[in-house]
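Please open the model in a viewer and keep the selection panel at hand. The tour below proceeds by selections, each followed by what is found there.

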Amino acid sequence: MARRIPLGVVVAVALALAVGLGLAASPYASSSPDGLERVAETHGFIDQGQVHRVQEGSPIPDYAFPGIDDPRLATGLAGFVGTLGVFLVAFGVAYTLRRLRARPAAPRAG
Amino acid sequence: MHIPDGFLSNDVAAVAAVPAVAAVAYGLRRASSALDERRVPLLGVTAAFIFAVQMLNFPVAGGTSGHLLGAALAAILLGPWLACVVMAVVLTAQCFVFADGGVTALGANDLNMGVIGALVVGFGVVWALKVLPPGRATYLATAGVGAWMAVMLGATACAIELGVSGTVPFATVLPAMLGVHALIGIGEAVITVAAVSAVLAARPDLLTVAPREGRRFAPAPAGGV
């Protein structure tokens, strides 16, 4: 095969796209109820929904970054922080799992 | 489709969590063999992309919106078991950081939006690609149908959980859930096919559920069958 796009470039472009969408597109997402919420409204069980007490202290409730008055900015910041945070957590999980496996043999240093 | 706390009975929430936890645990075990070096950053970026696009609710009919679930996309990129891990990371972050989806309902949400789609697409699409003729169009169409089915099966599971919980009669909630998610599933299919075709164009070797090699896979197909 001819030249391939390096993996690092693919990951960087995809991450930039994800973070960009989380930051800049999320404020313009539809705020209508989603499919389940719509069904719950129509069939009269939406009010049974509760916020668990564990979630009362959640850092960014309802995708609105706390302390920001502009709702679009609050959502965009939540998307930015959330997307980067999820990347770091998932990367960390994958890295750890791979290291756990690599530890006994350690075929290559570095 | 994030179920908040209060919609499901404790029994149903607990029972639904069993296959979800089992699938994620098995996914974590399998990760040791499935995670080659390049899949470590890929898993991270797949989770980030799914999280971001899940925020992008698109309007469907009648003042209702839907968003990507992403299990189908994760399964095509990473295979069914790593997809279970990705979806668990995304849904757990949504639950505890963003208060989206209930805490006791987390297992049910992971089953509905993560595990079912990951396994159906991760195994079903692989099977379908074996029996269908090779080619780019078949591959992308299969990915799209798989994504739609993942949403419909997740909506079915959600309806079963609500029905068994006694929240709403199953015969009422099933057609309601399937009706609206038939539309949302089209959005899922469009986003999944777009993302998969981007990876197919850039680095087809990164797709775990890969197109069948019939003839040499070229960006511009020479002609039909």
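**Chain B as a whole**

Select chain B and display its contacts: among those between residues at least 6 apart in sequence, 75% join residues at least 24 apart. The model is a predicted one.

Change to a cartoon representation of chain B, in which seven helices and two strands appear. Traced along the sequence, the order of these elements is α-α-β-β-α-α-α-α-α. The radius of gyration of chain B is 17 Å, close to the 17 Å given by the globule rule for 225 residues, so chain B is as compact as a globular protein of that length. With the C-alpha trace shown alone, chain B spans about 55 × 40 × 30 Å along its principal axes. Colouring by burial would mark 58% of the 225 residues of chain B as buried.

**Helices 6 and 7 of chain B**

Next, select helix 6 (136-165) and helix 7 (170-202) of chain B. How do their axes meet? The axes of helix 6 and helix 7 of chain B come within 7 Å and cross at roughly 150°. An angle over 145 degrees counts as roughly antiparallel, and these two helices of chain B are therefore roughly antiparallel to each other. The crossing of helix 6 of chain B past helix 7 of chain B is right-handed. Colour the residues of this contact between helix 6 and helix 7 of chain B by class: 22 are nonpolar, seven polar and one charged.

**The contact between the chains**

Now bring chain A into view and select the contact, to which chain B contributes 59 residues and chain A 54 residues. On the side of chain B that touches chain A, at least two residues each come from helix 1 (10-34), helix 2 (39-54), strand 1 (58-60), strand 2 (64-66), helix 4 (80-98) and helix 7 (170-202) of chain B. Which of these elements gives the most to that side? Helix 2 of chain B does, with 13 residues. Sorted by class, the side of chain B that touches chain A holds 41 nonpolar, 14 polar and four charged residues.

**Helix 2 of chain A**

Finally, select residues 35-42 of chain A, which form helix 2 of that chain. Gly35(A), Leu36(A), Arg38(A), Val39(A) and Ala40(A) are buried there. Add strand 2, helix 6 and helix 7 of chain B to the selection, since the buried residues of helix 2 of chain A pack against them. The last stop lies just after helix 2 of chain A, where Gly44(A) adopts a positive phi of about 75°.

Note on methods:
Residues are numbered from 1 along each chain as its sequence is written. Chains are lettered from A and ligands numbered from 1 in the order in which they are written. This is a predicted model: local features need pLDDT of at least 70, side-chain atom pairs count only at pLDDT 80 or more; totals for chains, interfaces and linings use all residues. Two residues are in contact if their C-beta atoms, placed from the backbone, lie within 7 Å. Helices (H or I, at least four residues) and strands (E, at least two) are DSSP runs, numbered from the N terminus. Ala, Val, Leu, Ile, Met, Phe, Trp, Tyr, Cys and Pro count as nonpolar, Asp, Glu, Lys and Arg as charged, and the others, Gly among them, as polar. A residue is buried if 20 or more other C-beta atoms lie within 10 Å of its own, exposed if 12 or fewer, and partly exposed in between; C-beta atoms are placed from the backbone. The radius of gyration is taken over C-alpha atoms; the globule rule is 2.2 Å times the number of residues to the power 0.38. Axes are lines fitted to C-alpha atoms, for helices over the stretch in contact, and angles run from 0 to 180 degrees between N-to-C directions. Angles under 35 degrees count as roughly parallel, over 145 as roughly antiparallel, 65 to 115 as roughly perpendicular and the rest as oblique. A crossing is left-handed if the near helix is turned anticlockwise from the far one by less than a right angle, and right-handed if clockwise.
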